[in-house]
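Visitor: I would like a close look at one part of this structure, the salt bridges, and then at what else surrounds them in the chain. Please take it slowly, since I am new to this.

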Amino acid sequence: MRIAEAQQLMRQLYGPRDAARGQEQTFLWLIEEVGELSQALRGKGEHTKEEEFADVLAWLLSLANVAGVDLERALLAKYPMRCPRCGANPCACPPA
Ligand SMILES: [Zn+2]
């Protein structure tokens, strides 16, 4: 599944709900899910890390729908198959 297909799936499943909830509340749900991913990565919480990664991505895609952002296009624009800072693939930037 491409990113654009995943974003379209979220639009099909939840588009009207996401639009009604709005950008601010959808953003807060994304942050909630990021918190749950943090728990799962530590072996805590109710769900597996696989489930929480899926939820974080799903909410990010929903937020992109509400915000009118094509996430596949945005990702490729910022990361055009190479590091945006050094231009290399793989990245050759000094470690942060
Ligand atoms: Zn780099």
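Guide: What follows goes through the salt bridges one by one and then turns to other parts of the chain. The model is predicted. Searching the whole structure gives three salt bridges.

Begin with the pair formed by glutamate 72 and arginine 2, whose side chains meet with N and O 2.4 Å apart. This salt bridge links distant parts of the chain, as the two residues are 70 residues apart. Glutamate 72 belongs to helix H4, residues 71–78, while arginine 2 lies in the segment before H1. The two partners also sit in unlike surroundings. Glutamate 72 has a relative accessible area of 13%, so it counts as buried, the cut-off being under 20%. Arginine 2 has 51%, and because exposed means over 50%, it counts as exposed.

The next pair is aspartate 18 with arginine 21, where the closest N and O atoms are 2.9 Å apart. Both residues are in helix H1, and because they are three residues apart there, about one helical turn separates them. Aspartate 18 is buried, at 2% relative accessibility. Arginine 21 is partly exposed, at 26%.

The remaining pair is aspartate 70 and arginine 73, with side chains that meet at 3.7 Å, N to O. That distance still counts because a salt bridge needs the nitrogen within 4 Å of the carboxyl oxygen. Aspartate 70 is partly exposed, with a relative accessible area of 34%. Arginine 73 reaches 62% and is exposed.

Now return to the start of the chain. Methionine 1 is placed in the segment before helix H1, which covers 3–21. Its relative accessible area is 75%, which means that methionine 1 is exposed. Together with Leu9, Leu13 and Tyr14, Met1 makes a nonpolar surface patch of about 410 Å². Leucine 13, a member of this patch, is in helix H1. Leucine 13 is partly exposed, at 46% relative accessible area. A residue needs over 30% to be part of a patch, so leucine 13 meets that requirement.

Nonpolar residues also appear away from the surface. In soluble globular proteins, nonpolar side chains tend to be buried together. Here the largest nonpolar core has five residues, namely Leu30, Leu37, Val56, Trp59 and Leu63. At least two residues of this core come from each of helix H2 (23–41) and helix H3 (49–67). H3 gives the largest share, three residues.

Last comes the metal site. Four cysteines coordinate the zinc ion through their SG atoms: Cys83, Cys86, Cys91 and Cys93, at 2.2 to 2.5 Å. Along the chain, these donors follow the spacing C-x2-C-x4-C-x1-C. The angles among the four donor atoms run from 101 to 119°, and the site is tetrahedral. For comparison, the ideal angle for four tetrahedral donors is 109.5 degrees. Two of the cysteines can be described further: cysteine 86 is partly exposed, at 34% relative accessible area, and cysteine 91 is partly exposed, at 47%.

One distance gives a sense of scale. Leucine 13 and asparagine 89 are 76 residues apart in sequence, and their C-alpha atoms are 36 Å apart in space.

Methods: Residues numbered from 1 in each chain as written. Predicted model: local features only at pLDDT ≥ 70, side-chain atom pairs only at ≥ 80, totals over all residues. Heavy atoms only, no water. Patch = residues over 30% accessible without salt bridge, like charges linked within 9 Å, V, L, I, M, F, W, Y side chains within 5 Å. Areas by Shrake-Rupley, 256 points an atom, 1.4 Å probe, with all protein chains shown as cover. Helix = DSSP H or I, 4+ residues; strand = E, 2+ residues; numbered from the N terminus. Buried < 20%, exposed > 50% of the residue type's maximum accessible area, 1.4 Å probe, protein only. Donors = N, O, S within 2.8 Å, 3.2 Å for Na, K, Ca; no water. Tetrahedral: all angles 85-135°; square planar, octahedral: opposite > 155°, others 65-115°. Core = buried A, V, L, I, M, F, W, Y, C linked by side-chain atoms within 4.5 Å.
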